[in-house]
Amino acid sequence: MQIIHTQNAPQAIGPYSQAIKSGGFIFASGQIALDSQNSFPHTDIREQTIQVLKNLQAILESQGSSLQKVIKTTIFLTDMDNFGIVNEVYAEFFGPHKPARSTIGVKELPRGALVEIECIALD
């Protein structure tokens, strides 16, 4: 098992790692729209989703992986009315690659985020 840490994504805001590499997989912790300086500049769902996916991309790329190697994502939304916008941005980042996915409505997320996404990718 290897702890993954990159300066190109926000640092963990709690007692957890950005990701863990184990058994040929990368398990990325849920990302919210913090930037690499741990500030939270984005207020709308589109901008937040873009930042979240950029964070996941940076974590995966730091290990030689990519969004094209993602096999499973989980999306947490505070408002299911944002599902369509999140899908649009998600499709832009993943293109024809379509990992398995779950989307879950939640009451709230850290820092007042509107969306959080975690993923499992091939190493």
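How many of the eight residues of β4 are buried? Six of them are, so β4 is largely enclosed by the rest of the structure. This tour of a predicted model begins with the sheet around that strand and then turns to the helices, the cores and one loop residue.

**The sheet**

Select the strands. Six of them form an open sheet in the order β1-β2-β3-β6-β4-β5, and the pairing is mixed. At the edges stand β1 (2-4) and β5; each has a single partner strand, so one side of each is left without a neighbour in the sheet. From one strand to the next, the twist averages 15 degrees.

**β4 and its two partners**

Select residues 70-77, which make up β4, together with residues 100-105, which make up β5. These two strands pair in the parallel sense over six bridges. To follow the connection between them, add residues 83-94: the chain leaves β4, passes through helix α2 and enters β5, a β-α-β crossover that is right-handed.

Three positions along this pairing may be displayed in turn:

- Lys72, whose bridge partner in β5 is Ala100.
- Thr74, which stands opposite Ser102 in β5.
- Phe76, whose bridge partner in β5 is Ile104.

Next, replace β5 with β6. Here the pairing with β4 is antiparallel and extends over seven bridges. Leu77 may be selected as an example, with Val115 of β6 opposite.

**The helices on the sheet**

Select α2 again, now with the strands beneath. This helix lies across β4, β5 and β6, and runs at about 155 degrees to β4.

How does the other helix, α1, meet the sheet? The contacts of α2 involve β4, β5 and β6; for α1, the packing can be examined through the core described below, to which α1 contributes seven residues, the largest share.

**The nonpolar cores**

Display Leu53, Leu60, Val70, Ile75, Phe94, Val115 and Ile117. These residues have the most contacts inside the largest nonpolar core, which has 26 residues. At least two residues of this core come from each of β3, α1, β4, α2 and β6. In soluble globular proteins, nonpolar side chains tend to be buried together.

Centre the view on Val70 for a closer look. Leaving aside residues up to four places away in sequence, Val70 touches Leu60, Phe94, His97, Pro99, Cys119, Ile120 and Ala121. Another core lies apart from the largest one; it has five residues, among them Ile32, Leu34, Phe76 and Ala113. Phe76 has already appeared on this tour as the bridge partner of Ile104.

**A loop residue: Ser65**

Finally, select Ser65, in the loop between α1 and β4. Is this residue buried or exposed? Ser65 has a relative accessible area of 5%, which is under the 20% limit, and therefore counts as buried. Its side chain reaches the backbone oxygen of Leu122 at 2.8 Å. Beyond residues up to four places away in sequence, Ser65 touches Ile26, Leu60, Ala121 and Leu122. Two of these names, Leu60 and Ala121, also occur among the contacts of Val70.

Definitions and conventions. Residues numbered from 1 in each chain as written. Predicted model: local features only at pLDDT ≥ 70, side-chain atom pairs only at ≥ 80, totals over all residues. Heavy atoms only, no water. Pairing = 2+ DSSP bridges. Helix = DSSP H or I, 4+ residues; strand = E, 2+ residues; numbered from the N terminus. Right-handed = clockwise from strand over helix to strand, strands pointing away. Axes fitted to C-alpha atoms, helices over the stretch in contact; angles between N-to-C directions. Contact = heavy atoms within 4.5 Å. Buried < 20%, exposed > 50% of the residue type's maximum accessible area, 1.4 Å probe, protein only. Polar contact = N/O pair within 3.5 Å; in protein donor to acceptor, adjacent residues only side chain to side chain. Core = buried A, V, L, I, M, F, W, Y, C linked by side-chain atoms within 4.5 Å.
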